[in-house]
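Student: I'm new to this one, so could we go through it together, step by step?
Tutor: Sure, have a look first and then ask away.

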Amino acid sequence: MPITAEFIETFRVVCPACKGKVELKGDASGIKCTQCRRIYPIRNDIPVLIVEEATVEGEKPGKTD
Ligand SMILES: [Zn+2]
């Protein structure tokens, strides 16, 4: 099942870093925290809500995939 905004609401997904509200990115490529602006990746339709895996919007990624 692809991740949707309903998924985030149903499971009350919050940012694991700051417990802030998260929202699905427009292209559904990740889940973005509206407070700290971390973006958590979605891999195989599973949101990876791990602080170490998140990137921060506006920062250069530390590694190239
Ligand atoms: Zn956050």
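Student: Let's start in the sheet: which strand is joined to β3 by two bridges and covers residues 55–56?
Tutor: Keep in mind that this is a predicted model. The two strands run antiparallel. Within this pair, Ile39 stands opposite Thr55. The strand with residues 55–56 is β5.

Student: What does the overall pattern of the protein chain look like?
Tutor: There are one helix and five strands to place. Read along the sequence, the order comes out as α-β-β-β-β-β.

Student: How many bridges join β2 to β3?
Tutor: β3 spans residues 38–43, and β2 runs antiparallel to it. Ile31 stands opposite Tyr40 in β3, and Lys32 stands opposite Ile39. The number of bridges joining β2 to β3 is three.

Student: And on the β1 side, which residue of β2 is the bridge partner of Glu23?
Tutor: β1 and β2 pair in the antiparallel sense, over three bridges. In that pairing, the β2 partner of Glu23 is Lys32.

Student: Which residue of β4 is the bridge partner of Arg43?
Tutor: β4 covers residues 46–47 and is joined to β3 by two bridges, with the strands antiparallel. The hairpin of β3 and β4 has two residues between the strands. Across from Arg43, the partner in β4 is Ile46.

Student: Is β2 covered on one face or on both?
Tutor: Check each side in turn. Gly30 and Lys32 are buried on one side. On the other side, Ile31 and Cys33 are buried too. That makes the covered faces of β2 both.

Student: Which residues make up the largest nonpolar core?
Tutor: In soluble globular proteins, nonpolar side chains tend to be buried together. Here, β1 (22–24) and β2 (30–33) are the elements that give two or more residues to the core. The seven residues are Cys15, Val22, Leu24, Ile31, Cys33, Tyr40 and Ala54.

Student: What share of the 65 residues in the protein chain counts as buried?
Tutor: To count as buried, a residue needs 20 or more other C-beta atoms within 10 Å of its own. For the protein chain, that share is 15%.

Student: What does Tyr40 touch, leaving out residues up to four places away in sequence?
Tutor: Tyr40 belongs to the largest nonpolar core, and Ile31 stands opposite it. With those sequence neighbours left out, the residues Tyr40 touches are Gly30, Ile31, Pro47, Val48, Leu49, Glu53 and Ala54.

Student: Why does Leu49 count as partly exposed?
Tutor: Leu49 is in the loop between β4 and β5. Leaving out residues up to four places away in sequence, it touches Val13, Pro16 and Tyr40. A buried residue needs 20 or more C-beta neighbours, and one with 12 or fewer is exposed. Leu49 falls in between because its number of C-beta neighbours inside 10 Å is 19.

Student: How far is the C-alpha atom of Leu49 from that of Cys15?
Tutor: Along the chain, these two are 34 residues apart. In space, their C-alpha atoms are separated by 7.3 Å.

Student: Where is Val14, and how far apart in space are Val14 and Cys33?
Tutor: Val14 is found in the loop between α1 (5–10) and β1. It counts as partly exposed, with 15 C-beta neighbours inside 10 Å. Val14 and Cys33 are 19 residues apart in sequence. Measuring C-alpha to C-alpha, the distance is 7.8 Å.

Student: Is Lys19 buried or exposed?
Tutor: Lys19 is in the loop between α1 and β1, and its phi is positive, about 60 degrees, although it is not a glycine. Most residues other than glycine have a negative phi. Because Lys19 has 11 C-beta neighbours inside 10 Å, it counts as exposed.

Student: Which residue takes a positive phi near 65 degrees in the hairpin of β2 and β3?
Tutor: That hairpin has four residues between the strands. The residue is not a glycine, and it counts as partly exposed, with 16 C-beta neighbours inside 10 Å. Its name is Arg37.

Student: Last one: which residue takes a positive phi in the hairpin of β1 and β2?
Tutor: Five residues lie between the strands here. The phi is near 60 degrees, and the residue is Ala28.

Definitions and conventions. Residues numbered from 1 in each chain as written. Predicted model: local features only at pLDDT ≥ 70, side-chain atom pairs only at ≥ 80, totals over all residues. Core = buried A, V, L, I, M, F, W, Y, C linked by C-beta atoms within 7 Å. Contact = placed C-beta atoms within 7 Å. Pairing = 2+ DSSP bridges.
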